[in-house]
Structures are given as C-alpha cells and as structure tokens.
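Trainee: Could you take me closely through the largest pocket of this model, and then set it beside the ligand site and the rest of the chain?

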Amino acid sequence: MPRCPLVAGNWKMNGLLASLAEVAAMGTAYDAALKSKVELIICPPTTLIGPALEAATQGGLGLGAQDCHVAANGAHTGDISAEMLKDLGASYVIVGHSERRADHGETDEIVQAKAAAALRAGLKPIICVGETRAEREAGQALAVVGRQIEGSLPADAPGTIVVAYEPVWAIGTGLTPTPADVAEMHEFVRERVEARLGGGKSEAVRILYGGSVKPANARELMSVPNVDGALVGGASLKAIDFMAIAEAYR
Ligand code: PEP
C-alpha cells in the first residue's frame, strides 16, 4: 500500500476566531483532484479546534492539536487530555515538538507517554524528533534522532503513527538541510522506526519533514525519497501559502 502524503499545518500559539477564514479558504482550494493526492490537516491552538470544525469538515481538511496530557482526566489544572481533543473533533495530535521539549522540559519518556495517550484516545500522534545545530555540527544528528525515536515511540504503536523529522535549527529560520541530508535522515528514520516497531510496520508510517517549508522549496523537499509530507509552521497560517505547499503533490 503506498503511503498517502500528509501536509500538516502547525499554527503554534497563533490564531483568533477571525483566522478561521483561512481554514475556509484552504477548503475552497482543496479540490477533489488534490484530495486524491494529499491529506491536509491544520493544528490550530486548542481554543480554535471546536470553532474550526465546521469549516474544516466542509473543506475536507482534518484537525489536529499541538499537545496533550498523558492522563485521560484528573487534577491537572490547565491541561487538556487526548480524550478531550478527540471529543472536540481532532483526529491528530502533535507530541514532542522541539518547542515543547525546550520550553516545557519534555523528555523522550514524556513524549512517549503522550503518544500512547493519543493512541488510547483514538488520535494519531505526530511524534517530532530532530537535532540541534550544535548536534549536527558535532556529527551527532543521526545518533540524536535515533535515540529520540527509540525513546519517544511506544514500542507497540501501529503504523498509523506519524513521525516528523524537524531539525531544530531549521524551524522558523528560513534554513533547510540539503535534499541529500534529508534523504539520508529519512531513510535512517524509517530504519529506526522499523527497529522500534517491527513487523514491517514502518512501511505504513508517514515520515514528515518540517523546518522552513515554503511554497518555493516544497516541491524539492517533498520529492526526496522517504519524505511522506510536511509539518509546516509559519507558512501554514495563510491559506495561499499552505495550499501552494500542498500543490507540490498535485
Ligand atoms: C514547526 O514549528 O513545526 C515548523 C516546521 O515551523 P516553520 O515551518 O515555521 O519552520
């Protein structure tokens, strides 16, 4: 079974109700031909998942969240569980984004527990991994990402999980790795995912590239072997840019 590419927009802490016009515009541009080539989802802030549901559903886009708690419910003031996100209409949740690993001290162990929580609730986790600039310069990129995969993926996860390779130094900087570096890393990621999950499951796992994906570089990056789509930050906020990236798959 060929993997259906996935382009996911991470709005981070951006967006108010007025921003839902962008979701509606994305849906208008997401025609039947494009739907047959690529799956599109938007991961807005949690506040917008409920309000975005109607426009997203009408346009054929899915919705994801940007984080979840490990527990289903309980005394965790301010936190949101995977079950609550599912209840709102989300079908995906990003876990282990480098901004959460850095800002909230999330370890591989926590990320793995969050991915397991997502699966428990019936959400597909998008599990993020990626090296820092210092780690790449020290020749440690593969070792770091290999460790993150081993630590962050639940060993019994199904092939429906998504892994996003996002070099930290490429996020929001305008910098991207060379296609050769992306190819090397994505081949390695698939090998390590197989080592972790076994049973040929890695063949179904979609491995996204994330980090400064733009309309101008989407075609080149998305045509690299083992790149099954993109996790897009800044360029996902405007329908015109996000849909130009999706067009790489038409
Ligand atoms: C991200 O934050 O997941 C990301 C890829 O950001 P950007 O596209 O802005 O680099």
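Mentor: In this predicted model, the lining of the largest pocket is made up of 19 residues, and those lying nearest the centre of the pocket are Lys-12, Gln-66, Asp-67, Arg-100 and His-104. Two elements, helix H3 (46–59) and H5, each give two or more residues to that lining, and of the elements it is H5 that gives the most, with three residues. The space in this largest pocket comes to about 490 Å³. Sorted by class, its lining holds five nonpolar, eight polar and six charged residues.

Lys-12 links the pocket to the ligand, since this residue is among those nearest the centre of the largest pocket and is also listed, with Glu-166, Gly-172, Ser-212 and Gly-233, among the residues that come nearest to the ligand out of the 14 around it. In the chain, Lys-12 sits in the loop that runs between strand E1 (6–10) and helix H1 (20–29), and its phi is near 55°, which is a positive value in a residue other than glycine. Ser-212, another of the residues that come nearest to the ligand, likewise belongs to a loop, the one between strand E7 (206–210) and helix H10 (215–222), and its phi, near 60°, is again a positive value in a residue other than glycine.

Turning to the polar contacts of the ligand, a polar side-chain atom of Glu-166 is placed 2.7 Å from an oxygen atom of the ligand. Backbone atoms take part as well: a polar backbone atom of Gly-172 lies 2.7 Å from an oxygen atom of the ligand, and a polar backbone atom of Gly-234 lies 2.9 Å from an oxygen atom of the ligand. The ligand taken alone exposes 290 Å², and the protein buries 97% of that area. By class, the shell around the ligand consists of four nonpolar, eight polar and two charged residues.

Glu-166 also leads to the cavity, for besides its contact with the ligand this residue is one of those that line the largest cavity, together with Gly-96, His-97, Ser-98, Arg-101, Cys-128, Val-129, Gly-130, Gln-148 and Val-168. That cavity has a volume of about 40 Å³, and a search of the whole structure finds one cavity of 30 Å³ or more. Helix H5 (98–103) and strand E5 (124–129) each supply at least two residues of the cavity lining, so that H5 contributes both here and to the lining of the largest pocket. By class, the cavity lining has three nonpolar, five polar and two charged residues.

As for the setting of these sites, the chain contains 11 helices and eight strands. Its radius of gyration is 17 Å, close to the 18 Å that the globule rule gives for 250 residues, and the chain is therefore as compact as a globular protein of that length. The C-alpha trace spans about 45 × 45 × 35 Å along its principal axes.

Key. Residues are numbered from 1 along each chain as its sequence is written. This is a predicted model: local features need pLDDT of at least 70, side-chain atom pairs count only at pLDDT 80 or more; totals for chains, interfaces and linings use all residues. Side-chain values use heavy atoms; hydrogens and water are left out. On a 1 Å grid over the protein atoms alone, a cavity is a set of points where a 1.4 Å probe fits but cannot get out, and a pocket is an open set with protein on both sides within 12 Å along at least five of seven lines; lining residues have an atom within 4 Å of a point. Grid points are joined across faces, edges and corners, and a volume is the space filled by probe spheres set on the points. Helices (H or I, at least four residues) and strands (E, at least two) are DSSP runs, numbered from the N terminus. Ala, Val, Leu, Ile, Met, Phe, Trp, Tyr, Cys and Pro count as nonpolar, Asp, Glu, Lys and Arg as charged, and the others, Gly among them, as polar. A residue is near a molecule or strand if one of its heavy atoms lies within 4 Å of it. A polar contact is a pair of N or O atoms within 3.5 Å; within protein, one must be able to donate a hydrogen and the other to accept it, and residues adjacent in sequence count only if both atoms are side-chain atoms. Accessible areas come from the Shrake-Rupley method with a 1.4 Å probe; for residues, only the protein chains shown count as cover. The radius of gyration is taken over C-alpha atoms; the globule rule is 2.2 Å times the number of residues to the power 0.38.
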